[in-house]
Amino acid sequence: MSPTHNPLSLPPLPLQASAQIDAYWSRPLSSFDLHPHGYNTSLAALGRQLRRSAKPGARDLFSRANMFGHLTASALVLAPDAHGELHALLVHHKASGLWLVPGGHFERDASLWAAAAREVREETGVTQIKGVPLNQPWQSNFHALPDLQQGLDGDSNPPVFDIDTHSIPDNPAKAEKAHLHHDFLFLAMAESTSALTPQLEEVHNARWEPLRALATHKNRRMQRVMRKFQRLCDMPAPVRA
C-alpha cells in the first residue's frame, strides 16, 4: 500500500483501528448478543493483530495485497425522504449481487472515517455526510448532528457502529485469492435522499432504500445493523445535570 496521506499527523491506521475496537468492547450498543458465536474471540484476535501490525516490518493489514486478510471501511448512510421516512443508501455490489452499504479498501486515507466517506462519495456521488454519535438517541436532523472532526483521542474517527469479518471468494479477474475482510462500518447521515451518480466501474447501481427493508434483507449483517439502529432509537436520553 502507498504511504498513508496523513496531513493532520493522526495516529497510524493500526492504532486508530485498535482504539476503535477497544471502545467497541465497552459500548452497549455494540450488541454482542446479535453477533455469531465466537465473535468475541475473533474480535480480540483482530485487536492483537492490529497492535502487532503497527510495528516496523509487520504485515500490512490495510493493504488489499495482504491475502491473509485486510481492513475495509463502509458506512450505513441514512437520510429522510420528502415525507420524513428514513432511507438507507445502498449500492448493488457487482461481486456479491446484493444491495449493500457503500464501502471498500483503503487507499491514501488518513483515517478509517475518511476511507468510508471517500467510498460513499465515489460509489454514489453523495458528498456531504456526517458521522453519528452513539452516546445519545437517534435524531433525524442532519444540521443538529455535531461535525465529528475529532473522534477517539483526536483521531478524526466517529465511533464505529459495527465490526464484521467475512470471507471474500476468489476473484480471477483481479488475480485475488480468497481472503478475509475486516470491515469497520460507521453510521452516518446525509441531509436528504438526493440524486445519485453511481460509479459503474465498481457497482451496478445505487439507490435510497426504505430503512425498514433492512429488517428482512438477505444479508445477516444488514439485519443486524437494522436491529442495532432500533436499539439506538430506544436508547434513553442522557440525564442533564
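Okay, one bit of vocabulary before we start: I'll say two strands pair if DSSP finds at least two bridges between them. With that in hand, β1 and β4 do pair, in the antiparallel sense, over three bridges. And please keep in mind that this is a predicted model.

So let's stay with β1 for a bit. On the β4 side, Thr72 has His105 as its bridge partner. β1 is also joined to β7, this time running parallel, through nine bridges. If you want a spot to click on there, Leu76 stands opposite Leu187 in β7.

Then there's β2, residues 86–93, which runs antiparallel to β1 with three bridges joining them. Ala79 is bridged to His87 in that strand. β1 and β2 make a hairpin, with five residues between them, and Gly84 in the turn has a positive phi of about 90 degrees.

Now, how many of the residues in β1 are buried? It's 11 of 11. Both faces are covered, too: one side includes His70, Thr72 and Ser74, and the other includes Leu71, Ala73 and Val77, all buried.

Right, on to the pocket. The largest one comes out at about 1,000 Å³. It's lined by 38 residues, and the closest to its centre are His93, Ala95, His166, Ile168 and His181. β1 turns up here again: it's among the elements giving two or more residues to the lining, along with β4, α3, β6, β7 and α4. As for what the lining is made of, you've got 10 nonpolar, 14 polar and 14 charged residues.

That's my bit, thanks.

Note on methods:
Residues are numbered from 1 along each chain as its sequence is written. This is a predicted model: local features need pLDDT of at least 70, side-chain atom pairs count only at pLDDT 80 or more; totals for chains, interfaces and linings use all residues. Side-chain values use heavy atoms; hydrogens and water are left out. On a 1 Å grid over the protein atoms alone, a cavity is a set of points where a 1.4 Å probe fits but cannot get out, and a pocket is an open set with protein on both sides within 12 Å along at least five of seven lines; lining residues have an atom within 4 Å of a point. Grid points are joined across faces, edges and corners, and a volume is the space filled by probe spheres set on the points. Helices (H or I, at least four residues) and strands (E, at least two) are DSSP runs, numbered from the N terminus. Ala, Val, Leu, Ile, Met, Phe, Trp, Tyr, Cys and Pro count as nonpolar, Asp, Glu, Lys and Arg as charged, and the others, Gly among them, as polar. Buried means under 20% relative accessible area, exposed over 50%, partly exposed in between (1.4 Å probe, protein chains only).
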